[in-house]
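Thank you for sending this model for comment. My remarks follow as numbered points, to be read beside the sequence and the coordinates.

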Amino acid sequence: MNIDIEKVRKDFPILQREVYGKPLVYLDNAATTQKPLCVLDAMREEYLNVNANVHRGVHYLSQQATDLHEAARETVRAFINARKTEEVVFTRGTTEAINLVAATFCQSQMKAGDEVLVTDMEHHSNIVPWQLQARQRGIVVRHLPITDDGRLACCGSATTYLTEKTRLVSIAHVSNVLGTVNPVADIVRQCHERGIPVLIDAAQSAPHMRIDVQQTDCDFLAFSGHKMYGPTGIGVLYGKEEWLDRLPPYQGGGEMIDRVSWEQTTFERLPFKFEAGTPDYVATHGLATAIKYILSIGLDNIEAHEKALTRYAMEQLQAIDGLTIYGPKLSPATPHPSPFTKEAVVSFNVEGIHHLDIGTLLDRLGIAVRTGHHCAQPLMTRLGIQGTVRASFAMYNTKEEVDALVQGLRRVIQMF
């Protein structure tokens, strides 16, 4: 089944607007996606008719809101194929989820000199939390290198970079700059052979492909709602029950307690131990609605459409003189080099033109792209550049929008 793009686009009213008198071409989906009407309607309906704090009230509205909130947890559980809802912790996003693991894991499982291994292609959200722990606790943050074309230098084997002091590996499933899809299942298997747990940053993969935490066998996984057609300020941390049980609470307050006295406080069962304070129960309902919307379109359909769009964009962009694309390259013989594929992101520069100038001028043509270092400054340093122009795709993008991008770039180049 193919995606009915025109029907899908009608679900996103913002795509029908104009910018500077030009039709909006929204190609900044790796930063955040637009929201379908069903998500907005679901959240509005809850605020209008079911608004009450969850888990704490015996009255009807509180019970109804709690049911929606916990139904959302089950929707997430099924979406990632977790074993239990107890393994699904709601956070404010990927960033908070990684910070939660960094703080609690380093506090309880690491000592000075122990190592966390990340990669050169990580988002700052998977670098800075570990650096903060390095300052506070004396742990060591090591990084796995990448090749010039944006692949892991270990060729899918992390074994040579693991040491007797490695206590955790934290890795992006998909690079938000390069689009590289890392072979996380293989890396998890290799790490587990050494008794090392793995955290996967799935912020850039959850909207685009199937995620099965049991099949991957990862110990932790994090993703954000706003990058997958859901609301901002909501995200998910998946953790194996055995690990979540071992980690201490991240924050203290209401909801996460069992019993409080001046002498001693005991903590609530999973997952509530990690959910201090009033949750954004309306946003969890919005996230669940977004997941159901994605599933109604079909993840296989979405992935096939976006890969075809990515390949088409790369083919068109590669034909522009002086343009350099970063990350795994496509060729007729190997459209998606195994085991590394490229997912829904194309980052590039044009010789002699600053990426900010390109983005600014494309904006005047109604084309929204992202410019800069994309919260991945160590990666920029590795590539020897200051930043890039990034076009990132979603299920609602079209070949015609790619054509508009290419035509816009040619106009910008002519101006220079």
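**Notes on the predicted model**

1. In this predicted model, seven strands form an open sheet with mixed pairing, in the order S4-S11-S10-S9-S7-S5-S6. Its edges are strand S4 (88–91) and strand S6 (140–144), each of which pairs on one side only. From one strand to the next, the twist averages 20°.

2. At the S6 edge, the neighbouring strand S5 (residues 115–119) pairs with S6 in the parallel sense, over five bridges. One residue pair can be used to check this register in the viewer: Val116 has Val141 of S6 as its bridge partner.

3. Two helices that lie across this sheet deserve a look. Helix H3 (residues 60–80) lies across S4, strand S10 (220–224) and strand S11 (235–239), and runs at about 115° to S4. Helix H5 (residues 128–137), for its part, lies across S5, S6 and strand S7 (166–172), running at about 145° to S6.

4. A further open sheet has four strands with antiparallel pairing, in the order S14-S16-S19-S18. Strand S14 (323–326) and S18 are the edge strands, each pairing on one side only, and neighbouring strands are turned against each other by 30° on average, direction ignored. S18 and strand S19 (residues 388–392) run antiparallel and are joined by three bridges; here Arg370 has Arg390 of S19 as its bridge partner.

5. Helices also lie across the four-stranded sheet. Helix H10 (residues 299–318) lies across S14 and strand S16 (345–350), running at about 10° to S16, while helix H11 (residues 355–364) lies across S16, S18 and S19 and runs at about 155° to S18.

6. Which residues are the closest to the centre of the largest pocket? They are His123, Asn176, Gln204, Lys227 and Cys375, out of 26 residues that line this pocket, whose space comes to about 380 Å³. Helix H4 (94–109) and strand S18 (370–372) each supply at least two lining residues, and H4 gives the largest share, with three residues. By character, the lining divides into 12 polar, seven nonpolar and seven charged residues.

7. Seven aromatic pairs are found in the structure. Phe12 and Tyr293 make up an edge-to-face pair, because their ring centres are 5.9 Å apart and their planes stand at 75°. Phe12 sits in the loop between helix H1 (5–10) and strand S1 (18–19), and Tyr293 in helix H9 (residues 281–297), so this pair ties together parts that are 281 residues apart in sequence.

Technical notes:
Residues are numbered from 1 along each chain as its sequence is written. This is a predicted model: local features need pLDDT of at least 70, side-chain atom pairs count only at pLDDT 80 or more; totals for chains, interfaces and linings use all residues. Side-chain values use heavy atoms; hydrogens and water are left out. Two strands pair if DSSP finds at least two bridges between them. Axes are lines fitted to C-alpha atoms, for helices over the stretch in contact, and angles run from 0 to 180 degrees between N-to-C directions. Contact means heavy atoms within 4.5 Å. On a 1 Å grid over the protein atoms alone, a cavity is a set of points where a 1.4 Å probe fits but cannot get out, and a pocket is an open set with protein on both sides within 12 Å along at least five of seven lines; lining residues have an atom within 4 Å of a point. Grid points are joined across faces, edges and corners, and a volume is the space filled by probe spheres set on the points. Ala, Val, Leu, Ile, Met, Phe, Trp, Tyr, Cys and Pro count as nonpolar, Asp, Glu, Lys and Arg as charged, and the others, Gly among them, as polar. Rings of Phe, Tyr and Trp (its six-membered ring) pair if their centres lie within 6.5 Å; planes under 30 degrees apart count as stacked, over 60 as edge-to-face and the rest as tilted.
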